[in-house]
Amino acid sequence: MGKKTLAAFKKFSFQKPIARRVEKEKPNLFQDHHVDKNDENVERGNWSSKTDYLLSMIGYAVGLGNVWRFPYLTYKNGGGAFLIPYFIMLAFAGMPVFFLECSLGQFASQGPVSVWKAVPILQGVGIMMVIASTLGTIYYNCIIAYSIYYLFASFQSPLPWSDCYEWSDENCSKIPKDLCNITSEDGKFVTVNTAWLNDNNKICPKPNIIPVPVQSPSEQYWDKVALRRSSGLDETGEVVWHLALCLLLSWILVGAALYKGIKSSGKVVYFTATFPYLVLLILLVRGATLEGAREGIEYYIGTQSNFSKLAEAEVWKDAAAQIFFSLSTTSGGLIALSSYNKFHNNCYTDSIIVCLTNCGTSVFAGFAIFSILGHISHVTGKPVSEVAQSGFGLAFIAYPEALSNLPVSPLWSVLFFFMLLTLGLDSVFATVETITTTLQDELPKYFKSKRIHMTAAACILFFLLGLPCITRAGIYWVKLIDHFCAGWMILFAAVLEIIGICYIYGGNRFIEDIEMMIGKKNWWFWLWWRACWFFISPCILIAILFWSLATFTSPSYGSVVYPNWATSIGWCMTAVCLIWIPVVAALKAIEANGSIWQRIRTACTPTADWGPYLECHRGDRYKHQQSPWDQKSCKFRETEVSVINDHNIWV
């Protein structure tokens, strides 16, 4: 044996056995930026801290709907009286589903598709969640692009939508142009405008008023400048390039925040999840000092609360729907984000914190929004009911108009649209993370340790898919996708999710799984959750589902009614999401052996590798489980990490 060969043999032989094994396994550990040496799960990674997780969950749950939908629903459904059904639905429908999804993801350390190893026949529900999130991401980032455009436009004084400039037409006006039939001094009937009446201190009797339709500058700016909106889906038009650049910037921001997965996004949310609260506080303080603010608050939640509204079924339906959708349940994101928790994290406390924070934010945002809308109502003389709008109308028409009438209006406008930007980005972070997590869990051979490339590819693909939504007909596509992909089919998935876990997998068995993570709880603790999971929550969701189907209307945008072919496309998008549920169920049954009944039973039985991801967490209940990747224990992983640090093997 030569000297060089002998020296090499000694160098290799006298290394510690564990160190040699780690060196051999080096390509499989810590090569992904998503994982670091301090993680409990060195295959998938964990959140760097509990705060990272909580802020990410709050950012995901608290979105644009908290600002532009909840305040309007509260005003529409009886003001303060609406909070009664709202918080009842939070307790009976929102929290139970939220807690269920967070627990499921954390227990298995798997994404929204792989967790259905617990009930393989319903794995199509997980696929549906991911596809729905994919479609939602396409249009949601277009709304962020609108916010970016308005943010840049706000750096002007005066604000470009503060008056009727060269881009407006003859219908643009800041004041009403109503006409009035009056009797002149010589006894003849003449028609005059309201401006003449005001100048002559005269009042027009209501029967004599001839309304003339006008549009505010902010409304025309939204349609003619920001969107360059066409007459309908039949007139697609060209790509609106200033929106295309804003969309590109939004995806660059998303990609930059997610290039290391939760390791980088978990740090970005320290700003994006907290900044909106600062802006809301500033807007509330500013709005409360304005004349007429009290009237706005009274309309929102004050003495004008109408408790008789509680007798209307529509109010309860709106409360349940708002709770359910604002918490972002059954979209896959809660499961995906929770899957990166350490096994013994207290997911119960986290669920309560996030749910209460989300609902508290909605109520708080309403005060900030309606205080300023009350001021604009006072200035224009219009009732708050005409000023208050929902959705795009509030965010890009009514509120910008109100801000344009404030002193130092560009400052308030910049703050408001920057707040919308951060609110939207947090939600997109979670949905993109849901998609990448699913791909890595389901296709590890192709996507493991390629998170940066996968995130970049996803952002580029989503940008290209979003281009139709920023053509001149883009707003119609945004509304169409939202109408069909964020509606009743999400409720349908929620019903299947509860039935699958509580009645097929076993609610008591699931509770035992949760207790493996958070410790044993007494019978009284679980009484509430059992009642909700087994009976109350599914009944509420089924009722809302049937109500949504019974009251379903074809999509429209303002006065523009969509053509039949557009509605057909919407139903096709719904079918693309839902079709996976029966298809996967059939495939799972076909793959099994035995009679039809035996095949169904097998497809409803957890797979051999279902359970906690790491061997050290399996205990006696899951000790015979097949590991999804190896059989190392947590303690052995820590030993490997210490060897790596001691011997600098990676150098």
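## Burial and overall make-up

Of the 651 residues of the chain, 55% count as buried, where buried means under 20% relative accessible area, exposed over 50%, and partly exposed in between (1.4 Å probe, protein chains only). This is a predicted model, in which local features need pLDDT of at least 70 and side-chain atom pairs count only at pLDDT 80 or more, while totals for chains, interfaces and linings use all residues. Residues are numbered from 1 along each chain as its sequence is written, and side-chain values use heavy atoms, with hydrogens and water left out.

The chain holds 28 helices and five strands; helices (H or I, at least four residues) and strands (E, at least two) are DSSP runs, numbered from the N terminus. Taking contacts with a separation of 6 or more, 80% are between residues 24 or more positions apart, a contact being heavy atoms within 4.5 Å.

## Helix α12 and its covered side

Let's start with α12, which runs over residues 275–288. At 1.5 Å a residue its 14 residues should span 20 Å, and the end C-alpha atoms are indeed 20 Å apart (the expected span is 1.5 Å times one less than the number of residues). Its buried residues are F275, P276, V279, L280, L283, R286 and G287. They cover an arc of only 130° around the axis, so they sit on the same side of α12; the arc is that of the directions from the helix axis to the C-beta atoms. The face turned away from this buried side carries the exposed residues V285 and A288.

What packs over the buried residues of α12? The cover includes α11 (262–272), α13 (293–301), α16 (347–380), α18 (392–404) and α19 (409–442). L284, also in α12, touches F364, F367, A368 and S371, not counting residues up to four places away in sequence. The C-alpha atoms of L284 and F370 are 9.0 Å apart, with their positions 86 residues apart in sequence.

## Helix α14 and a visitor from α24

Helix α14 (residues 313–326) has 14 residues as well, and reaches 20 Å from its first C-alpha to its last, close to the 20 Å expected at 1.5 Å a residue. Because 10 of its 14 residues are buried, α14 is largely enclosed by the rest of the structure. The buried residues are V315, K317, D318, A319, A320, A321, Q322, I323, F324 and S326. After α14 comes S328, whose phi is positive, near 60°.

W547, in helix α24 (residues 523–550), is in contact with A313, E314 and K317, leaving aside its neighbours within four places in sequence. W547 and A313 are 234 residues apart along the chain, yet their C-alpha atoms are separated by 9.6 Å. W547 is partly exposed, with a relative accessible area of 31%.

## T434 and the second largest pocket

T434 belongs to helix α19 and is buried, with a relative accessible area of 0%. Beyond its neighbours within four places in sequence, T434 is in contact with P112, S331, G332, G333 and A336.

Helix α19 also helps to line the second largest pocket, as do α7 (123–153) and α21 (451–466), each supplying at least two residues. A pocket here is an open set of points on a 1 Å grid over the protein atoms alone, where a 1.4 Å probe fits, with protein on both sides within 12 Å along at least five of seven lines; lining residues have an atom within 4 Å of a point. This pocket has a volume of about 310 Å³, which is the space filled by probe spheres set on the points, with grid points joined across faces, edges and corners. Its lining has 18 residues, of which V130, T134, I435, T438 and L439 lie nearest the centre. Which helix gives the most? That is α21, with six residues. By class, the lining has 13 nonpolar, four polar and one charged residues (Ala, Val, Leu, Ile, Met, Phe, Trp, Tyr, Cys and Pro count as nonpolar, Asp, Glu, Lys and Arg as charged, and the others, Gly among them, as polar).

## Backbone features to look at

Most residues other than glycine have a negative phi, and most peptide bonds are trans. S109, in the loop between α6 (83–108) and α7, has a positive phi near 50°; S109 is buried, at 8% relative accessible area. R228 also has a positive phi, near 50°, and lies in the loop between α9 (217–226) and α10 (241–258). At 42% relative accessibility, R228 counts as partly exposed.

A cis peptide bond joins S157 and P158, with omega about 0°. P158 is found in the loop between α7 and β1 (179–183).
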